[in-house]
Amino acid sequence: MRRFRKSFIRAGLEALYLSGAHVWLRPIFSGVGAIYTLHHVRPRRTAEFQPNCHLEVTPEFLGQMLSHLRDHEIDIVTLDELHRRLVSQDFSRRFACFTFDDGYRDNRDFALPVMRAFGAPFTIYVTSDFAAGVGRLWWVALERLVAKAQQIEVEIGGLRLRLDASTQSAKCATFQRLHDWLRSLPSEHDIRREISALCAEHGIDEAAICRELCLSWDELRALSAEPLIEIGAHTVSHCSLAKQTEEMARSEITESRARIEAELQRPVLHMAYPYGDRAAAGPREFVLAAASGYKTAVTTRPGMIFPESADHLTALSRVSLNGHYQDPRVLPVLTSGAATAM
């Protein structure tokens, strides 16, 4: 099903481009700008099994996107400037914001040089537990254990299952089944319990992944001096806020901001909801973010920015730069708004 969905999206993007439909759809769907979602920026990995590759793009593709925006005279602005334009209804020029979720080290090593070459500002949304080196990137741990295993035994819904991981296609199916099951669990505690047990069984050092991939507080302090970079909040533990009690969700939203401000000695005015889909963030979370003093908060719900976005500044849509579709031909489709409308 996931493979069909990717093929369908790819075909749709190509159809929009080849037909030229994105050109005549642009006035309807492009809005006044867009906020782009990224996670990893790094050279292509060589491993055959990469179920999380949708979360990464190459530095070359990022450069192509920035060049496309410059060629079409689209301003690349900070979130503060986006906020100003929405509040003042200043839409004389279209704009784009670049946002990077989680706080990965490759944002510094590979994204920053590209952004610097274009003089383009961007925001890194930091999960404070990741910066402290104590967070759990369970989706990365899951990829590594499925890559290593030939078979995985797990109890799902009261049934003890043996899942095949002996071939690439079997690994993909097993990863997706386990991923969807983990996301469906009632709480972050349940996810951690299950993934930790699987990692222990298959010899995966789950705790080391965070330190390996994420920027530390010391690195973030050095990086925060970069004039192009703004640091935003991405909660304390990267949990699905909608599954938390209101008290816990409020704590995740406010405490992450407090920790980042204490460590970096700079104000944090913008946040991103972990996962960011309808199952992870909704009206309650939007109100909590506004009440906590954030100027903006972003989801992963696909969509462009329109003048009416000023009415829901803590529920802003974004456009994903997805690693599955790193083709320069998709760039005019993405900026036209036709892709998110589709």
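These are my notebook entries on several helices, strands, loop residues and one pocket of a predicted model.

**Helix 4**

I began with helix 4, residues 79-88, and listed its buried residues, which are Leu79, Leu82, His83, Arg85 and Leu86. I then looked up how these residues are spread around the axis, and because they cover an arc of only 165 degrees, they lie on the same side of helix 4. Going on along the chain, I noted that helix 4 is followed by Gln89, and that the phi of Gln89 is positive, near 55 degrees.

**Helix 7**

My next entry concerns helix 7, residues 138-148, which I recorded as mostly covered, since eight of its 11 residues are buried. I wrote down the buried ones as Trp138, Trp139, Val140, Ala141, Leu142, Glu143, Leu145 and Val146. Which elements cover the buried residues of helix 7? Among the helices I found helix 6 (128-131), helix 8 (168-184), helix 9 (188-202) and helix 10 (206-213), and the cover also includes strand 5 (95-102) and strand 7 (151-156).

**The second largest pocket**

I turned from helix 7 to the second largest pocket, for which I noted a volume of about 180 Å³. I counted 14 lining residues in the record of this pocket, and those that lie nearest its centre are Arg42, Arg45, Val140, Glu143 and Arg144. Which element gives the most to this lining? I found that helix 7 does, with five residues. Two of the residues nearest the pocket centre, Val140 and Glu143, are also on my list of buried residues in helix 7. Sorting the lining by class, I obtained seven nonpolar, two polar and five charged residues.

**Ser128 and the loop after strand 9**

I looked up Ser128 next and placed it in helix 6, an element that I had already entered as part of what covers the buried residues of helix 7. Is Ser128 buried or exposed? With a relative accessibility of 1%, Ser128 counts as buried, because the cut-off for buried is under 20%. Leaving aside residues up to four places away in sequence, I found that Ser128 touches Trp217, Thr235, Val236, Ser256 and Arg259.

One of these contacts, Thr235, led me to the loop between strand 9 (229-233) and helix 12 (246-264), where Thr235 is found. I noted that Thr235 is buried, with a relative accessible area of 0%, and that its phi is near 70 degrees, a positive value in a residue other than glycine. I also checked His238, whose place is in the loop between strand 9 and helix 12. The phi of His238 is near 65 degrees, again a positive value in a residue other than glycine, and His238 is buried, with a relative accessible area of 4%.

**Strand 12 and its partners**

My last entry is on strand 12, residues 316-320, which is largely enclosed by the rest of the structure because four of its five residues are buried. With which strands does strand 12 pair in the parallel sense? I found that strand 1, residues 33-38, runs parallel to strand 12 and is joined to it by two bridges, and I noted Ser320 in strand 12 as the bridge partner of Thr37. Strand 11, residues 296-302, likewise pairs with strand 12 in the parallel sense, over two bridges, and here I recorded Pro302 as standing opposite Arg318 in strand 12.

Note on methods. Residues numbered from 1 in each chain as written. Predicted model: local features only at pLDDT ≥ 70, side-chain atom pairs only at ≥ 80, totals over all residues. Heavy atoms only, no water. Buried < 20%, exposed > 50% of the residue type's maximum accessible area, 1.4 Å probe, protein only. Arc of directions from axis to C-beta. Contact = heavy atoms within 4.5 Å. 1 Å grid on protein atoms, 1.4 Å probe; cavity = no way out; pocket = protein on both sides within 12 Å on 5 of 7 lines; lining within 4 Å. Points joined across faces, edges and corners; volume = space filled by probe spheres on them. Nonpolar A, V, L, I, M, F, W, Y, C, P; charged D, E, K, R; others polar. Pairing = 2+ DSSP bridges.
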